[in-house]
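Here are some notes to read alongside the structure. Have it open and find each piece as you go.

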Amino acid sequence: MCFLIWEKCLNYLKKKLSMNEFIMWIKPLKIKIKNSKLILYTPSKFSLNWIKEKYLKKIKKLLNYYYNNKPPFLELTIRKKLKTTNIYFKNKIYLKKKKKNKIYNFKNFIIGKSNKIAYKSSFLVAKYPGKFYNPLFIYGKTGLGKTHLLYAIKNFFSQKNKKIIYINSENFVQNMVQSLKNNCIEKFKKYYRSVNILLIDDIQFFSYKKRSQEEFFHTFNELIDKKKQIVLTSNCYPTLIKGIKSKLKSRLDCGLSVCIQPPKKNTRILILKKKSIEKKIYLKNKIIVFLAKKLNSNIRELEGAINKIQINSILYKKNIITLKFVKNALKDLFKTKKKKITINKIQKTVSNYYNIKISDLLSTKKYKSITLPRHIAIKISRKLTKKSLKEISIAFNKKSHTTILYSCKKIKKLCNNSSIIKKDYFYLLKKISL
């Protein structure tokens, strides 16, 4: 009976609230009857506080009405999710049940030029483990989809009922340390060396951990010899990871290393469309394009923007979302998102403007057609970046920082004497700053 009454409550609230509001706050609620109590579970503490403040009185009134003024005691609480962890006790390894993250799969991975190779190689590895690229090493900045691909491999491979482990390198280290303390290192070794696929996220956290590197090195070799698949991710190319032994670096780089770049504009548009559909909010195409232009660093930033638009649409009961509303909802994000100016970008912009090669700009050639752009690029680097004189001199292949000071003084003097050079300098300064 309780579940039927709760169903009636839901139907009533669905009619009275906006669709976004109902989906965001009411639909995720779960109920349970225990000792004459009706327990209402919320997915998070934030959700609990919000329900308490905005909807609890209404829910109590509805229950009172449907129960003919004799409702059960209502308790509001948080439903704790099962975490994926490994616990070591003395001589045994006890594993908590792992809740598979099935939201990540190959079907809902948005493919673009920036991640196409990583996607295809991951799919081949999942379909034919140990036969193509072993190890597969995926690298790139945070929030670009590396973990999504690892979970996609895991969820694809789990269907075959084969042994597969996904773990972050920090947890791998913690587990190894715990097993050493509890004298069960052999159990640890056996566990990790008996898998069909080993997926390790953020391998850069092995840096400067010699004992963990040594253990992983032997595990790596044994799995490769058995033709078991290994997939690793990192924030940079394997040989560039600091604090990793050279013998391990060479093993990491012996398979296929693929890079994931930040998504291009068209890919960002597809991601924004997908995320807005998932959140059940309708955004006009011009709003999607506007966001794709403004937000260009990573996928998490795009997700965050959609979440913020959704919460604002619920707060202000906006069923029709306009561009003005979006700009206002994300104004803090746009303010804090300053354009990152790098020396490399300055060098490219100046080289393109003067139609010379970057290699010439960074050379020791003394032709006027090259020295002027070089001086301007150095002066702009000094003005628009926080790099030290030494860092700028290294970026321009100069032996001493005094060369940088000379270029800055030279451009200042040339701008005072030549309106053409002054115009070029300020045009480039403005172009790079925007």
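1. What do the buried residues of α4 pack against? Bear in mind that this is a predicted model. In it, the buried residues of α4 pack against α1 (2–16), β2 (37–42), α3 and β3 (73–78).

2. Now look at which residues those are. Helix α4 covers residues 56–66, and its buried residues are L56, I59, L62 and L63. Looking down the axis of α4, you'd find these within an arc of 125°, so they line one face of the helix. The face turned away from that buried side carries K57, K61 and Y65, which are exposed. Here's a handy rule for this kind of pattern: an α-helix has 3.6 residues a turn, so residues three or four places apart point the same way. Before you leave this part, check N68 just after α4, where phi is positive at about 55°.

3. Helix α3, residues 45–54, is worth the same treatment. Which of its residues are buried? They are S47, L48, W50 and I51. Because they cover an arc of only 165° around the axis, they sit on the same side of α3. Turn to the other side of α3 and you meet the exposed residues K45, F46, K52 and E53.

4. On to helix pairs. Two packed helices are described by the angle between their axes and the distance between the axes. Start with helix α16 (residues 343–354) and helix α21 (residues 419–433): their axes come within 11 Å and cross at roughly 135°. That angle makes α16 oblique to α21, and the crossing is right-handed. On the α16 side, the contact is made by I346, T349, V350, Y353 and Y354, while α21 brings D424, Y427, L428, K431 and I432. Sort the residues of this contact by type and you get seven nonpolar, one polar and two charged.

5. Helix α21 also packs with helix α18 (residues 368–384), at an angle of about 45° and with the axes 11 Å apart. Are α18 and α21 parallel or oblique to each other? Angles under 35 degrees count as roughly parallel and 65 to 115 as roughly perpendicular, so α18 and α21 are oblique. Here too α18 passes α21 in a right-handed crossing. The residues that meet are L372, I376, K379, I380, K383 and L384 in α18 and I421, Y425, L428, L429, I432 and S433 in α21. By type, the residues of this contact divide into nine nonpolar, one polar and two charged.

6. Next, a single residue. S276 lies in helix α11, residues 265–278. Is S276 buried or exposed? Its relative accessibility is 5%, so S276 counts as buried; the cut-off for buried is under 20%. Leaving out residues up to four places away in sequence, S276 touches I281, L283, I288 and I306.

7. Finally, try L405, found in helix α20 (residues 402–417). With a relative accessible area of 34%, L405 is partly exposed, since that label covers values between under 20% (buried) and over 50% (exposed). How many residues apart in sequence are L405 and K27? The answer is 378, and in space they are 63 Å apart, C-alpha to C-alpha.

Technical notes
Residues are numbered from 1 along each chain as its sequence is written. This is a predicted model: local features need pLDDT of at least 70, side-chain atom pairs count only at pLDDT 80 or more; totals for chains, interfaces and linings use all residues. Side-chain values use heavy atoms; hydrogens and water are left out. Buried means under 20% relative accessible area, exposed over 50%, partly exposed in between (1.4 Å probe, protein chains only). Helices (H or I, at least four residues) and strands (E, at least two) are DSSP runs, numbered from the N terminus. The arc is that of the directions from the helix axis to the C-beta atoms. Axes are lines fitted to C-alpha atoms, for helices over the stretch in contact, and angles run from 0 to 180 degrees between N-to-C directions. Angles under 35 degrees count as roughly parallel, over 145 as roughly antiparallel, 65 to 115 as roughly perpendicular and the rest as oblique. A crossing is left-handed if the near helix is turned anticlockwise from the far one by less than a right angle, and right-handed if clockwise. Contact means heavy atoms within 4.5 Å. Ala, Val, Leu, Ile, Met, Phe, Trp, Tyr, Cys and Pro count as nonpolar, Asp, Glu, Lys and Arg as charged, and the others, Gly among them, as polar.
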